[in-house]
Amino acid sequence: MRDLDRALADIVAIRSQLARDETFRGLGAATVAATGIVALMVAGAQALWLGDPNARPLLFFTIWVGAALVAFALVGVETVRRSRRIHSGLADAMIWNAIEVFLPTAGAGACLGLVIGRFAPEAAWMLPGLWQVLTGLGLFASARILPRSVQSVAAWYLLAGLGGLALASTTHALSPWLMGLPYFLGQGWLALILHRATRGDDGAR
């Protein structure tokens with residue numbers, strides 16, 4: 001029994017190592033692009049109907065949190081479906097590797113929003129830029145499981161976040177476009193990279 005347990009543990013370790021060394025192809029380009037379109041649509045809707053976001057910051061951020069949850073749901077469902085088709089027996093390990101990469105960034109962004117909202121609401125204008133910086137850092141970390149060219153998208157989010165902080169620093173005003181446009185462009189860029197890297201996967205069985 002001891003030899004059997006050791007053999008099973010070795011198999012699990014080998015599968016985990018194989019999953020870490022293989023490029024993750026569970027992200028679908030079309031779904032990633034759709035999340036960028038969602039961001040642009042939310043920004044446009046807020047610009048038309050929300051009025052002054054600074055007068056209703058809670059509603060402003062609630063809408064964006066809702067949009068983020070929709071995006072996570074879309075990507076999550078597509079990731080599981082594609083991973084089980086493309087990665088086959090390694091699908092579960094590959095999905096958990098991806099979660100380990102992205103969860104710290106998502107968790108940090110959520111905690112940052114809660115802390116600022118509870119203890120420093122006057123600094124809420126910084127959240128859009130800080131979230132984009134965190135997105136960039138998450139993509140830099142994901143370069144070990146995604147095509148390395150995602151680092152260019154990571155750099156975009158980092159620069160967009162810092163630029164958004166600089167622009168908003170003079171007025172401390174919330175802007176739907178400082179949220180929507182960087183994510184629309186960044187997700188579109190990421191989708192293009194994924195499309196080029198996984199061009200043959202949609203026909204795989």
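Biologist: How much area does the protein expose, and what share of it do carbon and sulfur atoms supply?

Modeller: This is a predicted model, in which local features need pLDDT (the predictor's confidence in each residue, from 0 to 100) of at least 70, side-chain atom pairs count only at pLDDT 80 or more, and totals for chains, interfaces and linings use all residues. Residues are numbered from 1 along each chain as its sequence is written, and side-chain values use heavy atoms, leaving out hydrogens and water. By the Shrake-Rupley method with a 1.4 Å probe, where for residues only the protein chains shown count as cover, the protein exposes about 11,300 Å², of which carbon and sulfur atoms supply 70%.

Biologist: In which helix is confidence highest?

Modeller: The protein averages a pLDDT of 86. Among its helices (DSSP runs of H or I, at least four residues, numbered from the N terminus), the mean is lowest, at 52, in α1 (residues 2-21), whereas the highest, 97, belongs to α6.

Biologist: Is Trp177 of helix α7 buried, partly exposed or exposed?

Modeller: Trp177 lies in helix α7. Buried means under 20% relative accessible area, exposed over 50%, and partly exposed in between (1.4 Å probe, protein chains only). Because its relative accessible area is 36%, Trp177 is partly exposed.

Biologist: How far apart are the end C-alpha atoms of helix α5?

Modeller: Helix α5 covers residues 127-141, and its buried residues include Trp131 and Leu139. The expected span is 1.5 Å times one less than the number of residues. The 15 residues should therefore span 21 Å, which agrees with the end C-alpha distance of 21 Å.

Terms used. Helices (H or I, at least four residues) and strands (E, at least two) are DSSP runs, numbered from the N terminus.
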